[in-house]
Amino acid sequence: MSSMSKKMRILHKDALTNEDYSKYCYADTDKLLNHGGLNLIAPKCFDFAVNLTEECNKEMNETLIYERHKNSYVIARKNILSNNHL
């Protein structure tokens, strides 16, 4: 795991003890199902992660995948990496 992604994560045990994170960012079902293998986004990176997920969803929807066929990933990656708002 890269040093950047290590800085972007929070461990399950730490998420449970962080009251705000536990209340607003960590669903009860995820808490129950997580046995330490689920990657959790650190609070300081949460806004970035939400924005990145939204951009990925815009680029990789059913319509665009059908239109772009096997080039879907390459085009989506290029568009996301060139997005200066992230």
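A salt bridge here is a side-chain nitrogen of Lys or Arg within 4 Å of a carboxyl oxygen of Asp or Glu. In this predicted model, the side chains of K58 and E55 meet in just such a pairing, at 3.2 Å from N to O. Both residues belong to helix α5, where they sit 3 residues apart, or about one turn of the helix. The two partners part ways when it comes to solvent: E55 is buried, with a relative accessible area of 18%, while K58 is among the exposed residues of α5. The 18% figure puts E55 on the buried side because the cut-off for that label is under 20%.

That pair is one of 4 salt bridges in the structure. As a general point, side chains of opposite charge can pair when their charged atoms come close. Another of these bridges turns up in helix α4, which runs over residues 28–33. There K31 pairs with D28, and the closest N and O atoms are 3.3 Å apart. The spacing is again about one helical turn, because K31 and D28 are 3 residues apart in α4. D28 is out in the open, with 55% relative accessibility.

A further bridge links E59 to R68, with 3.0 Å between the closest N and O atoms. Here both partners are buried. For R68 the relative accessibility is 17%, so this arginine counts as buried. R68 lies in helix α6, which covers residues 62–68, while E59 is listed with the buried residues of α5. Beyond its sequence neighbours up to four places away, R68 touches E59, I75, A76 and N79. Of these, A76 is itself a buried residue of α7.

What about α5 as a whole? This helix has 14 residues and reaches 20 Å from its first C-alpha to its last, close to the 20 Å expected at 1.5 Å a residue. Its buried residues are A49, E55 and E59. They cover an arc of only 125° around the axis, and therefore share the same side of α5. Turn to the other side and the picture flips, with D47, N57 and K58 exposed. The salt bridge between K58 and E55 thus joins an exposed residue to a buried one. As for what the buried residues of α5 pack against, the partners are β2 (40–41), α6 and α7.

Helix α7, spanning residues 72–81, tells a similar sort of story. S72, A76 and I80 are its buried residues. Seen down the axis, they fall within an arc of 50°, so they line one face of the helix. The buried residues of α7 pack against α5 and α6. The face turned away from this buried side carries V74, K78 and L81, which are exposed.

V74 also has a part in a nonpolar patch on the surface, together with M60, I65 and Y73. The four have about 390 Å² of accessible area together. M60 comes from the loop between α5 (46–59) and α6, and its relative accessible area of 35% makes this methionine partly exposed.

The loop on the far end of α6, between α6 and α7, has a quirk of its own at H69. Most residues other than glycine have a negative phi. H69 goes the other way, with a positive phi near 50°. This histidine is exposed, at 53% relative accessible area.

A few distances round out the picture. N39 lies in the loop between α4 and β2 and is exposed, with a relative accessible area of 61%. C56 lies in helix α5 and, at 31% relative accessibility, counts as partly exposed. N39 and C56 are 17 residues apart in sequence and 17 Å apart in space, C-alpha to C-alpha. From C56 to L11 the chain separation is 45 residues, and their C-alpha atoms are separated by 24 Å.

How values were computed:
Residues numbered from 1 in each chain as written. Predicted model: local features only at pLDDT ≥ 70, side-chain atom pairs only at ≥ 80, totals over all residues. Heavy atoms only, no water. Helix = DSSP H or I, 4+ residues; strand = E, 2+ residues; numbered from the N terminus. Buried < 20%, exposed > 50% of the residue type's maximum accessible area, 1.4 Å probe, protein only. Contact = heavy atoms within 4.5 Å. Patch = residues over 30% accessible without salt bridge, like charges linked within 9 Å, V, L, I, M, F, W, Y side chains within 5 Å. Areas by Shrake-Rupley, 256 points an atom, 1.4 Å probe, with all protein chains shown as cover. Expected span 1.5 Å × (residues − 1). Arc of directions from axis to C-beta.
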